[in-house]
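Ready to get your hands on a new structure? Below are some short exercises, each followed by a worked solution. Try each one yourself before reading on.

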Amino acid sequence: MADEKLHFGTCTLCEAMCGIEVKYSGEKVLSIKGDKNDPFSKGYICPKATALQDLYEDPDRLRQPVERTANGWQEISWPEAFDKVAEGIQKLQKKYGANALGIYLGNPNVHNMGSMLTTKHLLTSLKSRSRFSATSIDQLPHHIVCMHLFGHMLRIPVPDVNRTQHMLIIGGNPLASNGSIMTAPNMRQKIKDIKARNGKVVVIDPRRTETAELSSEHHFIRPATDVLLLLAMLNEIYAQGFDKLNNRAATLAPEIAQIERFAKGFTAESVAGITGISATEIKRLVKEYCEADSAVMYGRMGVSVQEFGLLCQYLIMVMNIVTGRLDEVGGLMFPNPAVDLVNNTGPGYLAKRFTRVKKLPDFNGDYPVVAMADEMLVEGEGQVKGFINVAGNPVLSTPNGDKLDKALAQLEFMVSVDPMINETSRHAHIILPPVSPLERDHYDLTFNGFAVHNTAKYAPALFAKKANEKHDWEITLELAKRLNKNAPMATKIERWLTKVLGPKFLLGQGLKRGPYPQVNLKTLKKNPHGIDLGPLQSMLPQGLKHKDNKIHLNVDFYQADLERVKEMMKQYNDSQILLIGRRHVRSNNSWMHNSQRLVKGKSRCTLMLHPETAKQQGIENGQSVNVTSKVGSVTIEAEITDELMPGVVSIPHGFGHGRKGIKQKVAQANAGVSVNDLTDDSLIDSLSGNAAVNGVPVRLAIASVQAAS
Ligand SMILES: Nc1nc2c(c(=O)[nH]1)N[C@H]1C(S)=C(S)[C@@H](COP(=O)(O)OP(=O)(O)OC[C@H]3O[C@@H](n4cnc5c(=O)[nH]c(N)nc54)[C@H](O)[C@@H]3O)O[C@H]1N2
Ligand SMILES: Nc1nc2c(c(=O)[nH]1)N[C@H]1C(S)=C(S)[C@@H](COP(=O)(O)OP(=O)(O)OC[C@H]3O[C@@H](n4cnc5c(=O)[nH]c(N)nc54)[C@H](O)[C@@H]3O)O[C@H]1N2
Ligand code: SF4
Ligand SMILES: [Mo]
């Protein structure tokens, strides 16, 4: 085509920040490829990048606000929608108080520059404490550990995968997820590189995942028993004399001497039976980890979102410290992004307030998602009666989704800021839809903070939005303006400047305050592929945010949780079948199933189980199985595979598009079932309030009728 042009940008779908090269003509996308000149991703993309085109073109995507009426959804104008939303919220808050309006912020908020820079305005104008987010079914333990130890919830170290000689991955599957709290495009190559330089990658996972398959070694572990393995490993580090307490990080931690006693009694022999990993193997894992020239221990969803999520992440951090792996090349290192959120935001806090019904602690002003449905359903002073849901789909993404589904249906007023009519937004009275990713400017404010190599890249929107469309940040600012007319003058000026100049104005300010004088909006615009800022550098002690410049191990707080561990050990029932989650590279949480090119082929929403487990239950491959937990039941096709540990079953999350009222044709045709109709909102990590979706006890039975797959 004569007027073909190239645009360089960044894929915002997952955490990997891959550079993309989009060939386009007019308003049409012709192709999406990896940008070979991106200094960070070097041409790598996964199959989801091309679906950015599908999001842009999706005929089911809303372009204008809609209102739910007796005659179905009706398009309304933006001014009318804003009027109705502001009025609905004000009426509700006047009647029941500010906290009667619940707010949920979903995952795509952190992938969206405009939202990242303006959501604070919405939150302050809503003045509600009933705030929830996807954090409490995700990385909450990381925030708490880093807040305690390093003095800021975002001072989070990541594996220096490009230089390590030994990587221990516990409960992460970066080959499917493309990495998490470890922004690292092309982990396939990175793992191959570690092996090629005679290093080792060890995976601990109840499933022999794609990552495990490629790695040097894999061990099955019984779900949610990692805390025992980790305690035994810590114990072994001392038993084998591998503690290096004169290392730089350890000498910054006044409580370090107390760690030797922390895991006393948790011998490798005492945990082998429950975890399923033999004492000999545990001892060898420790020895090899400690003897490697460089090494890093890394744990993700599998260990974060289970009953001992916080203690697991603490133990992983502590082991990196006592073995001298923190802040060292090839170990766990702190990124240094060009926009420094750590020095421009509060450090975070835990347990200032507790939820009304379940009495669960807040973190940094957010209550745990597992508390959300009860706050709506249980009557009494402070009950949540209205809801604003921004870029989230908690009906599919939070435990006991069916209960939340019912809770949302009985609310007096609900708003969704979402481009789609899905399982959650279908309950809204009004939906305010933002533009798709190709229509907005991007600089990654979040994931540069977790990147395994420092770079900076800004991309203007590829396509201008249409006259009747709005950005998330425009929606947010307009609502803030209407809901809080008495904001301080400085806030009003910031809102006004952002509205006129766009959020890139705030980005520019952030870059100016950042650590790299050479990086500003002008230099970023001149370098459309991004700027290389070099490998991770040691940052201690100056990176610490505690006033005394020390690492605070907060031993007493974590040690107290050992009572719960001992209780678990005492009561352990190894005959239970345990459910875990699963991700696939062609799926993304609950919202990428309306792309035909991603969902095509065999259904991915299956119940994986080991042949032995299947045999015990009399289940055959492809058969429909009823899976029942304490809270619910689903019927799903069995996929028998020895990838799973015996006694463990796996269902991916984000499916279940068969509910009534959803308007996404492709997703509906590939509906699947929601694993979160089985996960239990009372199964939690009580220390953090984080959800526990891995290790859920379930029963299996052959279904009488074959499920459509
Ligand atoms: N059982 C189980 N449950 C899980 C998990 C698991 O592993 N197992 N994983 C958990 C994790 S890690 C996460 S992060 C959560 C995710 O859970 P959520 O954040 O609740 O849900 P998503 O599936 O990410 O849904 C995102 C919604 O945002 C909309 N959206 C997409 N982009 C934008 C945008 O730019 N602006 C706006 N306004 N809307 C947008 C989509 O249409 C969709 O409705 O799920 C969690 N739930
Ligand atoms: N393709 C794709 N990419 C994604 C997403 C997606 O939905 N699809 N979601 C994005 C989001 S929001 C996030 S947070 C990240 C998550 O990124 P990851 O954490 O890397 O992703 P998961 O695939 O959930 O990996 C969790 C692993 O833990 C294992 N596991 C389950 N239970 C246990 C247990 O008790 N112990 C141990 N040791 N392991 C266990 C599972 O088998 C699985 O292999 O991925 C991001 N990237
Ligand atoms: S790994 Fe895939 S989804 Fe994630 S940023 Fe890269 S291209 Fe996008
Ligand atoms: Mo996540």
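**Exercise 1.** Which backbone N or O atom lies 2.6 Å from a nitrogen atom of ligand 1?

*Solution.* Keep in mind from the start that this is a predicted model. Begin with the shell: there are 30 residues around ligand 1, and Asn107, Ser397, Asp418, Asn422 and Ser590 come nearest. Now look at the backbone of that group's serine 397: one of its N or O atoms sits 2.6 Å from a ligand 1 nitrogen. That's the atom we were after.

**Exercise 2.** Find side chains that have a polar atom beside an oxygen atom of ligand 1, then work out how much of the ligand the protein buries.

*Solution.* Start with tyrosine 104, where a polar side-chain atom is 2.7 Å from an oxygen of ligand 1. Next, go to arginine 440: an N or O atom of its side chain is 2.9 Å from a ligand 1 oxygen. As for burial, ligand 1 would expose 920 Å² if taken alone, and the protein buries 97% of that. To finish, sort the shell by class, and you get 14 nonpolar, 11 polar and 5 charged residues.

**Exercise 3.** Describe the surroundings of ligand 2, from its nearest residues to the helices that help line its shell.

*Solution.* First, the neighbours: 34 residues surround ligand 2, with Asp205, Ala224, Asp226, Ser587 and Asn589 coming nearest.

Second, the backbone contacts. A polar backbone atom of alanine 224 is 2.7 Å from an oxygen atom of ligand 2. For glycine 302, the distance from a polar backbone atom to a ligand 2 oxygen is 3.5 Å. Histidine 584 has a polar backbone atom 2.8 Å from a nitrogen atom of the ligand. As for cover, ligand 2 has 910 Å² of accessible area on its own, and the protein covers 97% of it.

Third, the helices. Both α5 (174-177) and α13 (301-304) give at least two residues each to this shell, and the largest share, 3 residues, belongs to α5. By class, the shell holds 12 nonpolar, 14 polar and 8 charged residues.

**Exercise 4.** How many nonpolar, polar and charged residues does the shell around ligand 3 have?

*Solution.* List the neighbours before you count. Among them are Cys11, Cys14, Cys18 and Cys46, along with Lys48 and Asn178. Sorting the whole shell gives 9 nonpolar, 1 polar and 1 charged.

**Exercise 5.** Work out how helices α18 and α19 pack.

*Solution.* Locate them: α18 spans residues 472-483 and α19 spans 489-501. Their axes are 11 Å apart, at an angle of about 145 degrees. The crossing is left-handed. Now pick out who touches whom: Trp473, Leu477, Glu478, Ala480 and Lys481 of α18 meet Arg495, Thr498 and Lys499 of α19. By class, that contact has 3 nonpolar, 1 polar and 4 charged residues.

**Exercise 6.** Track down a cis peptide bond, and a residue with a positive phi that is not a glycine.

*Solution.* For the peptide bond, go from leucine 540 to proline 541: the bond is cis, with omega near 0 degrees. Proline 541 belongs to the loop between β22 (531-535) and α22 (555-559). For the phi angle, check isoleucine 181, whose phi is positive, at about 50 degrees. Isoleucine 181 sits in the loop between α5 and α6 (187-196).

Methods
Residues numbered from 1 in each chain as written. Chains lettered and ligands numbered in written order. Predicted model: local features only at pLDDT ≥ 70, side-chain atom pairs only at ≥ 80, totals over all residues. Heavy atoms only, no water. Near = heavy atom within 4 Å. Polar contact = N/O pair within 3.5 Å; in protein donor to acceptor, adjacent residues only side chain to side chain. Areas by Shrake-Rupley, 256 points an atom, 1.4 Å probe, with all protein chains shown as cover. Nonpolar A, V, L, I, M, F, W, Y, C, P; charged D, E, K, R; others polar. Axes fitted to C-alpha atoms, helices over the stretch in contact; angles between N-to-C directions. Helix = DSSP H or I, 4+ residues; strand = E, 2+ residues; numbered from the N terminus. Left-handed = near helix turned anticlockwise from the far one by under 90°. Contact = heavy atoms within 4.5 Å.
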